[in-house]
Amino acid sequence: MNNENHYSMKNLIAILVLLFSFQLSAQITGIVTNKNNEPLPYVNIYTADEKYGTTTTDEGYFNLNIPENRDYTLVFQFIGFKKQEIKISKNELPIKLKVKMEEQNVSLKEVVINSKENPAIRIIKNAIKNRKKNSKKIKKYTLEYYSKSVFRLNSLPLSFLEKPEDSTRFHKTMDSIGLGLGIIYLSETVSDVSYQAPGKIKEVMKATKVSGDNKGISFNRASVKQFNFYKNSVEIMKPIISPIASNAFANYKYKLAGTFYDKDGFLVNKIEVIPRRKNDPVFFGYIYILEDSWSIYGVDLNVTGKSIQMEFADLVNIKQNFSFNEKENHWIRKSSFINFDFSYIGIKFDAKISEAFKNYDFNPNFDKKTFTNEVFRVEETALDKDSTYWKNNRQIALEQEQIEDYRKKDSIQKLKSSKKYIDSLDRENNKLTMMKAYMGYTYQNTPKNWKLQVDGLLVGSSFNTVQGFNLTTGLTYKKLNPEEDTYYKIGGKVMQDFSGGRTRFRGNFTKKFKSLANSKLTLEGGNTVTQFNQEQPILPGLNSIYSVYFKRNYLKIYDNTFAKIKYSGELFNGLNIKSSLLYTRRKQLFNTSSLNWSKSDRKYTSNNPWAPGDFTSTLFDTNSIFKFNTEFTINFGQKYMMYPNKKVNLPTKFPVLKVGYEKGFGASKKEYEYDKIFTSLNQTILLGNKGKFKYEARAGKFFNAENISVLDYQYFNGNETIFSQKTRLFNSFNLLPYYDFISNSEYASIHVRHDFKSYILGKIPLINKLNFNLVVGGDVLFTKENKPYAEYSIGLSNVGIGIFRVFTVDYSRSFFNGQTRDKFLVGLSIDLNSYLTKE
């Protein structure tokens with residue numbers, strides 16, 4: 001057979017397959033409106049056997065692909081409207097429908113009103129009483145989950161552009177890269193979900209699609225956005241109290257808006273939900289409760305940005321639609337819609353997440369391998385699905401704007417993927433500016449996956465009394481392999497002491513391996529200065545301010561020439577290891593600068609923390625030692641997500657245990673050698689609307705360490721400034737002097753902190769308008785060398801103005817040896833240092 005006949009035969013087969021597929025599937029399309037011909041969004045449309053279904057778009061359109069060519073009864077259901085059924089003969093397929101839905105006749109006539117009792121109270125009491133029973137009716141199921149997320153930019157003020165033509169040019173530029181007004185993010189997913197009570201869940205993402213990114217995986221997950229109103233609280237950035245929670249009456253008032261019978265004869269109560277206090281973590285809107293079963297028929301509830309302490313969010317709306325399943329004698333969720341409205345300084349955007357659920361199976365055959373610690377997985381072929389697949393599996397039709405967004409951004413992606421475009425983008429990003437020189441500069445070659453990073457001059461500059469003004473900068477070359485999620489990098493840093501006149505060099509090499517265990521190997525060495533407490537409780541920038549302006553030079557450092565090899569990775573799920581071998585040569589340093597801009601008569605202290613007035617005596621001899629350190633972290637019940645080239649561990653609700661061993665050997669003096677074991681236990685406990693409780697307990701013991709170098713003692717994270725370090729170092733103390741408590745024997749510490757969120761202050765009139773959170777905490781330290789040290793704190797979080805609520809304020813009081821000290825401290829609720837130092 002020649003090539004021409006061969007290709008003709010292939011084309012004929014393809015056409016026959018296509019025609020056959022059309023015979024096997026039929027399409028029902030149309031629009032749903034109210035009596036005024038206004039489109040109805042969020043209408044559930046499904047076959048009477050609930051095997052196939054879809055939901056209308058914001059414009060009221062729907063598209064239902066039916067793979068079996070037979071007669072159907074199509075059900076249209078929407079909260080507040082009468083359920084409607086339309087019979088469709090197989091001879092009519094494919095068909096286009098125009099469906100007009102009638103509003104429910106919501107009335108109070110069915111309710112016998114007792115003037116002494118609000119009728120809504122009886123309904124809500126029964127819903128609360130039957131809440132657990134209704135939530136437990138479904139023991140297990142599987143389903144197919146579809147989601148669509150759309151983020152739209154609605155307004156972008158350009159007051160910084162003086163001329164109208166500049167504004168027009170700016171918008172054209174943004175449009176050309178797919179970031180103009182309109183849709184800025186669009187994604188879809190299809191997943192198989194398995195569930196077994198009380199809380200086992202497994203989700204397998206079969207298909208995912210992100211507009212303009214053929215390698216993008218949507219963030220949508222069925223297991224995240226469950227929004228189960230049968231629970232006491234619903235998680236939306238923070239726990240929001242359910243209108244039928246056990247403590248609902250302390251947080252809500254209710255009003256019966258009316259009743260109606262649905263098409264199947266069920267009496268539905270429409271209840272208005274009214275918050276008792278404006279800024280509490282509560283909803284407002286409507287919840288629909290069925291008479292007799294007291295199940296949820298539907299929800300249309302809102303929560304404000306202030307209630308979830310997301311100041312730039314105006315409103316979050318959640319709609320859920322349920323349908324009755326005769327076999328299970330229970331109402332099951334058919335669709336959910338979550339809408340966010342955001343605004344800030346004239347910038348307005350919204351986000352809409354639409355979810356649809358179909359193919360429920362309430363009698364699945366699960367085995368031991370169904371539910372494991374892997375709770376979410378993206379299939380290898382999830383990104384390979386073509387337009388035909390999406391046409392047949394998309395439960396919510398695309399709107400015209402969304403169709404255009406896919407078309408436009410797919411074409412833009414081709415442009416973005418071209419070498420010419422990537423090179424032009426690199427040229428623009430690689431331009432050196434004054435800001436980049438100060439904060440850090442990166443030169444990258446995107447096609448070849450490498451970048452060259454230069455540390456910023458401003459970030460690496462500081463002052464201390466040993467080095468005077470000092471400047472650190474560095475150069476790092478990083479080569480990435482995006483397909484395998486690996487990289488290696490090699491770099492070096494140079495530190496110049498302007499007062500001491502010393503120049504210090506150090507270098508490093510890091511390799512991240514092709515491994516789901518996130519394994520890394522690092523080699524580093526050179527010369528630097530190191531704090532006595534190597535957890536670095538004193539930030540160089542903060543020490544600079546306290547030294548120059550207040551003559552409080554807290555930072556105490558020594559000269560460190562070192563070589564180190566370290567490895568970190570996951571041995572198996574839930575067990576991680578960090579291990580290192582270090583050679584270090586330590587040499588004492590002395591003050592070389594007394595520079596200050598303070599008018600105080602205070603004198604700088606020496607670099608010896610235990611002899612602040614002695615500027616000449618030697619604290620320790622120059623010495624060297626090898627250190628081997630290994631630490632195991634056990635994450636009990638570690639849940640994780642699997643992506644095609646990486647594993648992502650999820651935060652565990654159980655305690656995290658760390659155990660470790662350190663050995664000092666090969667020292668320049670035998671008496672400096674030692675052994676140490678150490679352990680810690682930490683946990684974060686979410687208490688619903690009552691806030692978040694966190695604790696950490698640490699303990700350790702030295703062996704054969706009576707005469708070790710003072711540099712190898714155990715130090716504890718103190719604080720003598722007015723700035724709390726709790727966010728950066730949870731195991732720090734607010735008032736503990738930096739160097740008064742050290743140990744070369746046994747030690748232990750306990751740290752606890754509870755953030756009540758709005759549970760306490762949200763109930764106090766006037767104060768609740770500030771939207772602050774009450775935070776309490778305590779810290780205790782035990783060492784063999786000293787009596788116990790303790791401190792407690794009480795303070796506020798979520799402090800600030802507008803969206804800038806990133807501050808904390810604490811009052812702390814300490815107790816030690818019969819003496820007390822106290823202080824007010826301010827802090828940040830985010831760790832800026834981690835952002836500056838992360839890779």
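A residue counts as buried under 20% relative accessible area, as exposed over 50%, and as partly exposed in between. In this predicted model, asparagine 449 is therefore partly exposed, at 28% relative accessibility. Asparagine 449 lies in the loop between strand 21 (440-445) and strand 22, and its phi is near 60°, a positive value in a residue other than glycine. A positive phi, of about 55°, is also found at glutamine 309, likewise not a glycine. This residue belongs to the loop between strand 16 (296-304) and strand 17 (313-325). Glutamine 309 has 18% relative accessibility and so counts as buried.

Strand 22, which spans residues 450-455, pairs with strand 24 (residues 468-481) in the antiparallel sense over five bridges. Within this pairing, tryptophan 450 has lysine 479 of strand 24 as its bridge partner. Strand 24 also runs antiparallel to strand 23 (residues 461-464), to which it is joined by four bridges; serine 461 is partnered there with leucine 471 of strand 24. Strands 23 and 24 form a hairpin, with three residues between them.

A further hairpin is formed by strand 24 and strand 25, with four residues between the two strands. In its turn, aspartate 485 has a positive phi of about 55°. Strand 25 covers residues 486-497 and runs antiparallel to strand 24, with twelve bridges joining the pair. One of the partnerships links threonine 473 to valine 494 in strand 25. In a regular strand, side chains alternate between the two faces of the sheet.

Turning to the interior, the largest nonpolar core comprises 48 residues. Phe229, Ile236, Phe283 and Ile296 have the most contacts inside this core. When neighbours within four places in sequence are left aside, isoleucine 296 is in contact with Phe229, Tyr230, Ile244, Ile287, Tyr288, Ile289, Leu290, Phe322 and Trp331. A second core, separate from the largest one, has 29 residues, among them Leu74, Phe78, Leu97 and Phe337.

Cis peptide bonds were also identified. The bond from leucine 93 to proline 94 is cis, with omega near -5°, and proline 94 is located in the loop between strand 6 (84-88) and strand 7 (95-100). The bond from alanine 197 to proline 198 is cis as well, with omega near 10°. Proline 198 occupies the loop that lies between strand 9 (182-196) and strand 10 (200-210).

Notes: Residues are numbered from 1 along each chain as its sequence is written. This is a predicted model: local features need pLDDT of at least 70, side-chain atom pairs count only at pLDDT 80 or more; totals for chains, interfaces and linings use all residues. Side-chain values use heavy atoms; hydrogens and water are left out. Two strands pair if DSSP finds at least two bridges between them. A nonpolar core is a set of buried Ala, Val, Leu, Ile, Met, Phe, Trp, Tyr and Cys residues joined through side-chain atoms within 4.5 Å. Buried means under 20% relative accessible area, exposed over 50%, partly exposed in between (1.4 Å probe, protein chains only). Contact means heavy atoms within 4.5 Å.
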